Amino acid sequence: MTTYLVKNASILGGDPTDLLIADGVVKEIGGDLSADGAETVDATGLVALPGLVDLHTHLREPGREDAETVESGTRAAALGGFTAVHAMANTEPVADTAGVVEQVWRLGREAGHCDVYPVGAVTVGLAGERLAELGAMADSAARVRVFSDDGRCVSDAVLMRRALEYVKAFDGVVAQHAQEPRLTEGAQMNEGELSGRLGLAGWPAVAEEAIIARDCLLAAHVGSRLHVCHVSTAGSVEIVRWAKAKGWDVTAEACPHHLLLTDELAATYDPIYKVNPPLRTAADAEALRAGLADGTIDIVATDHAPHPHEDKDCEWAAAAFGMLGLETALSIVQETMVDPGLLDWAGVADRMSYTPARIGRVADHGRPIDVGEPANVVLYDPSARRTVEASESASLSRNTPYAGMELPGRVVATFLRGRATVLDGKLA
Amino acid sequence: MKRHLLSAADLSRDDAELVLTTAEELRSLADRPIKKLPALRGRTVVNLFFEDSTRTRISFEAAAKRLSADVINFAAKGSSLSKGESLKDTALTLEAMGADAVVVRHSASGAPHRLAHSGWVRSSVVNAGDGTHEHPTQALLDAFTMWRHLGPKSGGSLDGRRVAIVGDVLHSRVARSNALLLRTLGAEVTLVSPPTLLPVGIESWPVETSYDLDAVLPKADAVMMLRVQRERMHGGFFPTAREYSRRYGLDGRRMALLQDHTIVMHPGPMVRGMEITADVADSDRSVIVEQVTNGVAVRMAVLYLLLGGSQPAVSTEGLPE
């Protein structure tokens, strides 16, 4: 295995230092290190962060290999600085059995670009009717700890209560896609003045907030932990803040696109901006950024959602929900959080590595960059600027809403247990 | 005028008045034995209808034919929503046939906008009704009808005229386009509807709103009744059809509240007995049949102006991208 001598890296934005990466771990940290036979990586001006962990990725395999595969999606992840991703369960077949989650886990191991932790479905076939075999998935080789019907809400209150209770037996967590289904039938975009003007059916904030409030109360009632996926409204941030103030075990994620983009983009009728939950108002985005800064929102998760071209190259109502996110997440966090002074690099490490790993109960990721720790490290150049080109994505899909946008930062290198998955900004 | 007509908001006051005056000239054709002009000879107009609407389609067809354009009717059964041919492929087909204008009706809001701005076609796009978004030529024909009846008494304009639009505003493309266009033309619009059938954010529209039809009628110069679709009755928007009719239907008693000159309009098709009673629809105040005649004249004017039939007083702003 190659030994890497990383010169002049700024760990979490601190003073430049050298890192010796060998045998899968961080061997040494200090000034002026040298090592015979090591490959030297010049990290002058680069920030070293712990390998990023995504709690919310759609890899589409099995079933929609035309949109993404575990191989292609994890390549995109590595290029985005991720060393671990959680693969959502809404595949075909649904990841609701030990067999499917083990298949996804194994595909991730074979691809080798980053670790893949399958998310198990809460209910059989995501149908919201009866619990899937959560214990079997937890006990499988994939060691599932995060369960979600993402894409659909576990809207039945009794079923949600049972799921929250049941996963306590193996320290699991239910990650809820908070969307009251009756309030969002046919919903296309954020409900507000603009949806009324554009004649697109509205997705009201209350449909998210009502479910989050209910789930927080349920989690408190049964003493379980709850994770809230893709929080998108200012009201949701308030509810999560309230639940945390009560001391309840509730965590929440925000997506990069909800931090940066707003519903005004729907006026183009270009479904590249169609996502679920929808892009909200500028005030909502601001509340999310404030919540992420003060820790109310625990983590950033990408909700990377690849779709084939034809599912976006059509009229808005016919288009699929979702957008790519893995390769742009860190840049958008820099743009919306770091550059405006809301979060420092230690904060980024917390929101994008330590805490998502802790929520997902992933032991070897989300560790500090210290001697003896697994060498999951990203080298990131915050001074670079780049214009996003959809065609350059490692994803099989092209549905990035950031095409043509200039974003700060560039992932220079990613190390997974001491092995370079990305070097010089390219797959190693 | 802009190259496309996608929204009533695309029309400046000058644009809208140009359409109305052009329509007035063209309308006189209807009284001649030979109802045809050579203005668009050699040009091709495609009526692309993803949604059934015989009334609107034949109105555009008649308009194009009276201007001597070649007309192709393309009834695309099933949009890509129902996994038929996609909007894009249909558009590419039309482009290959050399359409100069595409008149599009679609169940998805924004579909004409996509057609105009996606680079699939080079032709002018006319929105003939998209989902619950807009129906700008309907608004133009409504404004034209009001202008003919109310304009002469107020110096040839609709400035300060009060228009009540009554019914299912939430799902109505007619209401959206009318609200925008009538405002542009200086009229004061009041939307009258049960609260469940007004869109969120209505406060920011350039209109008044009311839940009380009886209070609005005595001040109105024109009353436009909107169709209430049957499926709304099952959507829980109001308790029963009877209750709707009692509170928001236009019947003989309510008609008696109107001023002498006030006209009654309906974009059709009517549900007689629901939003309008037969005696009102067939009364002297009703201009519902005239709206149909005016529809042809207004659509002639739109096609004529969009396809470069005339240049005077046309503002040439850039296209919205």
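Me: Before turning to a helix, I should like to know what makes a residue buried or exposed.

Reply: A residue is buried if 20 or more other C-beta atoms lie within 10 Å of its own, and exposed if 12 or fewer do. The structure here is a predicted model. In helix α3 (residues 87-97) of chain B, the criterion marks B:L87, B:T90, B:A91 and B:L94 as buried.

Me: Why do these buried residues lie on the same side of α3(B)?

Reply: An α-helix has 3.6 residues a turn, so residues three or four places apart point the same way. In α3(B), the buried residues cover an arc of only 100° around the axis, which puts them on the same side of the helix.

Me: Against which elements do the buried residues of α3(B) pack, and what follows the helix?

Reply: Their packing partners are β1 (44-49), β3 (101-106) and α4 (111-117), which belong to chain B. After α3(B) comes B:G98, with a positive phi near 80°.

Me: How should I read a strand, taking β1 (residues 4-11) of chain A?

Reply: In a regular strand the side chains alternate between the two faces of the sheet. For β1(A), burial is found at six of its eight residues, so the strand is largely enclosed by the rest of the structure.

Me: Which strands pair with β1(A), and in which sense?

Reply: Strand β4 (residues 39-42) of chain A pairs with β1(A) in the parallel sense over four bridges, with A:V6 partnered by A:V41. Strand β2 (residues 16-22) of chain A pairs with β1(A) in the antiparallel sense over five bridges; here A:L5 has A:L20 as its partner. The hairpin of β1(A) and β2(A) has four residues between the strands, and A:L12 takes a positive phi near 50° in it. Strand β5 (residues 47-50) of chain A runs parallel to β1(A) and is joined to it by two bridges, with A:S10 opposite A:V47.

Me: Which residues have the most contacts inside the largest nonpolar core?

Reply: That core has 243 residues, and A:A48, A:L379, B:V102, B:A143, B:V223 and B:L303 have the most contacts inside it. Its largest share, eleven residues, comes from helix α12 (residues 288-306) of chain B. Beyond four places in sequence, the contacts of A:A48 include A:A9, A:S10, A:I11 and A:L379.

Me: How is chain A divided into domains, and how do they meet?

Reply: The domain assignment gives domain 1 (4-47 + 373-427) and domain 2 (52-359). In chain A, 27 residues of domain 1 are in contact with 38 residues of domain 2. On the domain 1 side, β17(A) gives the most, with six residues. That side divides into 16 nonpolar, ten polar and one charged residue.

Key: Residues are numbered from 1 along each chain as its sequence is written. Chains are lettered from A and ligands numbered from 1 in the order in which they are written. This is a predicted model: local features need pLDDT of at least 70, side-chain atom pairs count only at pLDDT 80 or more; totals for chains, interfaces and linings use all residues. A nonpolar core is a set of buried Ala, Val, Leu, Ile, Met, Phe, Trp, Tyr and Cys residues joined through C-beta atoms within 7 Å. Two residues are in contact if their C-beta atoms, placed from the backbone, lie within 7 Å. The arc is that of the directions from the helix axis to the C-beta atoms. Domain bounds come from an automatic or database domain assignment. Ala, Val, Leu, Ile, Met, Phe, Trp, Tyr, Cys and Pro count as nonpolar, Asp, Glu, Lys and Arg as charged, and the others, Gly among them, as polar. Two strands pair if DSSP finds at least two bridges between them.
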